[in-house]
Each structure stands twice: as structure tokens, then as C-alpha cells.
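Trainee: I have just opened this one. Could you take me through the terms used for it?

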Amino acid sequence: MDTLPTVWFCAVAVLWIGYLFLEGFDLGVGMHMKLFARGEGERRVLLNTIGPVWDGNEVWLLTAGGATFAAFPRWYASLFSALYLPLTLALVALIFRAVSIEYRGKVHSDRWRAAWDWALALGSAVAAFCVGAMLALTTTGLPLDANGDRVGGPFAWLTWYAVLGGVAVVAFALVHGLAFVALKTDGGIRARAHRAFVRWLPLAILPLVAWVIAVQLRTGAWWSWLLTLVAAAAALTAWMLARRGSEGRAFIGLALTLAAGAAAIFSAVYPVVLPSTLDPANSLTVTSASSSDYTLGLMTVVALIGLPLVLAYQTWTYWVFRRRLSVDSIPTAHSVVPATVVRLVTGKQA
């Protein structure tokens, strides 16, 4: 076994798990701007729960992509070139999310806010689906030839596995978002989020279960099956804790469900990083797709310095903004005249 390529395969898996966990709930909250929130007050509460953290959460996506590019250039080249369409859709959706979060409060108009709410909800849903589809194809395979190039048209990637992975991430993000809202809010919105989480978790987790089991049946080993059982036990525990009103512990249980389920998938496909559905000989492995040991060694040193800093500042951010929010804690929306306009009209400082 090649040690450094294996270490970086595990590192890439951890980065994707971190992204799905952190970005998962704020993608869910974004979708719930239209599915769950009742009225402008509740929408502003939802937006403020993720306001301080959403952009930091997206750092994990950039880091996962960058680590794949540096550690496994052939994996990165084959995957991203074969998936130009879903990758482009995901990036456009993430751009719409970011712009809607920043712009929805710039104009005091119901129509303006409603348009950006739809942009946030749809952008979150499309991004979640595309990321899930791409990860599912990473673990189930693409039609790759001996050069690592995709065979087929622009929709050759759109398989049942891609749909399953996309639906799995969307469904998980929805219940993950409800768990986060129940943890971060108070009052009526907290009670409704708690009830919805308890009600929908058993159904929403099914696509993820199907994805995990499908991979296990194809390439699973005893350790990946063990992780699958851990994920199932964590999901059941999270549901039971939520029914008892233990929102924080239920949120942790859901996080463990995601971590164990994703680890089961990645460990089941190891040492293959990108299977070929045309010929197993065309599949990329941690050895054939990795960079040199010198590059991986240098990356390891940088990661040992940088990763603790990222974890430290994100932990500090969540700690600073740990308070619960309610509709009563959100000030009434009102129009604001920019200071530059005041100076132009009156000739005085605002």
C-alpha cells in the first residue's frame, strides 16, 4: 500500500464529509426559505442563522477540489472534464445563492425579496443535487476510456446513480437544515422545525441509505459494511433523541450518520478513486492517479499547518454566533437612504 496516496485519499474524503456536513445544513436552510418559512419575519430568521457562517462553509468545497487537483491530478482531470455540465450548473447555483443572500435586503420591496428568495431556494437545491450526482458518479463510475476521457455525449453522466446521489444529498440537506433551525432558533419556528425534523427524517434518509447499500453491494468489504451499520444506528439514535427534545444531540447524531455513511462509501471503493464503467482496467486508483511522493509530502506539511487554523477560526465563528434567534429578535425591515444621496441632496454629512 502506498502510504501518502492513501493518506491523501482519506484527506479528500474528510474534506468532502466536512463540506457535506457544514454546507449541508445551510443548503437546507436556503431551500426552506420557500418550503418552511412563513412570512418575512421567519425568512429573515432563517437567513440570519446561516448569515455568519455560510461563506466559511463553502471553503470546504474549494479545499476539497484543490486537494483533489494537487494530490490526484488524473482523478481531477477525468472527473471534472467528464462532468463539465453538472459542475457548471453547481457553480452557477452557488453564485445565485451568494448573490441572493447579499442582495435580498438591499431594496425594501416584497417583489424584490421574493425574487431573491426563489434564487436562494432554487440555487441551494440545484447545488445540492449536482454535488450529490458528482459524488455518486465518483463512487459508481463513468464511461472512461484508457486515457481517462469520457465516452459519450454531454449527458453520458446522467445515470440512475447520479439521480440517486443528487436526491440523497438534497433530501439529507432538507432534514439537516431543519435540525439546524431547531437548534438555532426559539419560539414557534423552533417548535415547527423540531416537529418537521422528527416527521421527515425517516423518509429523507432513505435515498442516502440506498446509495450506501448500492455501493456496498458492488465493492463493499467487512469494514465498510461495519461503517454502514454505524451510520444506520446513528440515524436511528438521532431520530429517537429528536423525539425526546434533545436537539443538540440529535444534530450530532445526524452528523455522525453522514460521516459514517460517507466513510462507508469511500472505504468501499478504495483503492479506486474513479471507476470506469467501460472496462475495469481503465479505472483510476490512488496509485495511478496520484502526484509524486515529494508533492504529497509537501502538501502534508502545509495541511498540518493550515487545517488547524481553518478549524480554529470556524469553531470560533460558531461559538461567537451560538445564540438562538427568534422572530422578535429581528428588527423591522425599513428603507435606508445611502449617505452619498443625503450629501448630494442636502450638501451636509449624513
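The questions below go from burial to helix packing and then to pairs of residues.

Mentor: Start with one caution. This is a predicted model.

Trainee: Noted. Where is F72, and what makes it buried?

Mentor: F72 sits in the loop between α4 and α5. Its relative accessible area is 0%. Buried means under 20%. So F72 is buried.

Trainee: Which residues does F72 touch?

Mentor: Leave out residues up to four places away in sequence. F72 then touches P5, W8, F9, V12, A67, V286, A289, S290 and S291. The C-alpha atoms of F72 and S291 are 5.7 Å apart, although 219 residues separate them along the chain.

Trainee: What about the helices on either side of that loop? Why is α4 called oblique to α5?

Mentor: Helix α4 covers residues 59-71 and helix α5 covers residues 73-82. They pack at an angle of about 120°. Roughly perpendicular runs from 65 to 115 degrees, and roughly antiparallel starts over 145. The angle of about 120° falls in neither range, so α4 is oblique to α5. Their axes are 5 Å apart.

Trainee: Which residues make that contact?

Mentor: From α4 come G65, T68, F69, A70 and A71. From α5 come P73, W75 and Y76.

Trainee: How many of them are nonpolar, polar or charged?

Mentor: The contact has six nonpolar residues, two polar ones and no charged ones. Gly counts as polar here.

Trainee: W75 is in that list. What else does W75 touch?

Mentor: Again leave out residues up to four places away in sequence. W75 touches F9, V12, T68, T138, V273, L274, L284 and A289. W75 is also one of the residues that touch the most other members of the largest nonpolar core. That core has 94 residues. The others named with W75 are W16, Y19, F72, L142, F197 and W211.

Trainee: Which helix gives the most to this core?

Mentor: Helix α1, residues 3-35, with 14 residues.

Trainee: T138 was among the contacts of W75. How do you know whether T138 is buried or exposed?

Mentor: T138 lies in helix α7, residues 110-140. Its relative accessible area is 5%. The cut-off for buried is under 20%. So T138 is buried. T138 touches W75, L79, V273, L274 and P275, with residues up to four places away in sequence left out.

Trainee: W112 is in helix α7 too. Why is W112 called partly exposed?

Mentor: Its relative accessible area is 29%. Partly exposed lies between under 20% and over 50%. So W112 is partly exposed. Beyond its neighbours within four places in sequence, W112 contacts Y103, R104, K106 and V107.

Trainee: What makes T315 exposed?

Mentor: T315 is in helix α13, residues 293-320. Its relative accessibility is 54%. Exposed means over 50%. So T315 is exposed.

Trainee: And M299, in helix α13 as well. Why does M299 count as buried?

Mentor: M299 has 14% relative accessibility. The limit is under 20%, so M299 is buried. Outside four places in sequence, M299 is in contact with W8, A67, A70 and A71.

Trainee: D26 carries a charge class. How do you know if D26 is buried or exposed?

Mentor: Asp counts as charged, yes. D26 is found in helix α1. Its relative accessible area is 0%. That is under 20%, so D26 is buried. D26 touches I50, W54, N57 and R97, not counting residues up to four places away in sequence.

Trainee: Now the cysteines. How many disulfides are there?

Mentor: Zero. A disulfide is a covalent bond between the sulfur atoms of two cysteines. Here a pair would need sulfur atoms within 2.5 Å.

Trainee: What are C10 and C130 called, then?

Mentor: C10 has 43% relative accessibility, so C10 is partly exposed. C130 has a relative accessible area of 4%, so C130 is buried.

Trainee: Last one. Where is the cis peptide bond?

Mentor: The cis peptide bond joins Y270 and P271, with omega about 10°. P271 is in the loop between α12 (247-269) and β1 (272-274).

How values were computed:
Residues numbered from 1 in each chain as written. Predicted model: local features only at pLDDT ≥ 70, side-chain atom pairs only at ≥ 80, totals over all residues. Heavy atoms only, no water. Axes fitted to C-alpha atoms, helices over the stretch in contact; angles between N-to-C directions. Helix = DSSP H or I, 4+ residues; strand = E, 2+ residues; numbered from the N terminus. Parallel < 35°, antiparallel > 145°, perpendicular 65-115°, else oblique. Contact = heavy atoms within 4.5 Å. Buried < 20%, exposed > 50% of the residue type's maximum accessible area, 1.4 Å probe, protein only. Core = buried A, V, L, I, M, F, W, Y, C linked by side-chain atoms within 4.5 Å.
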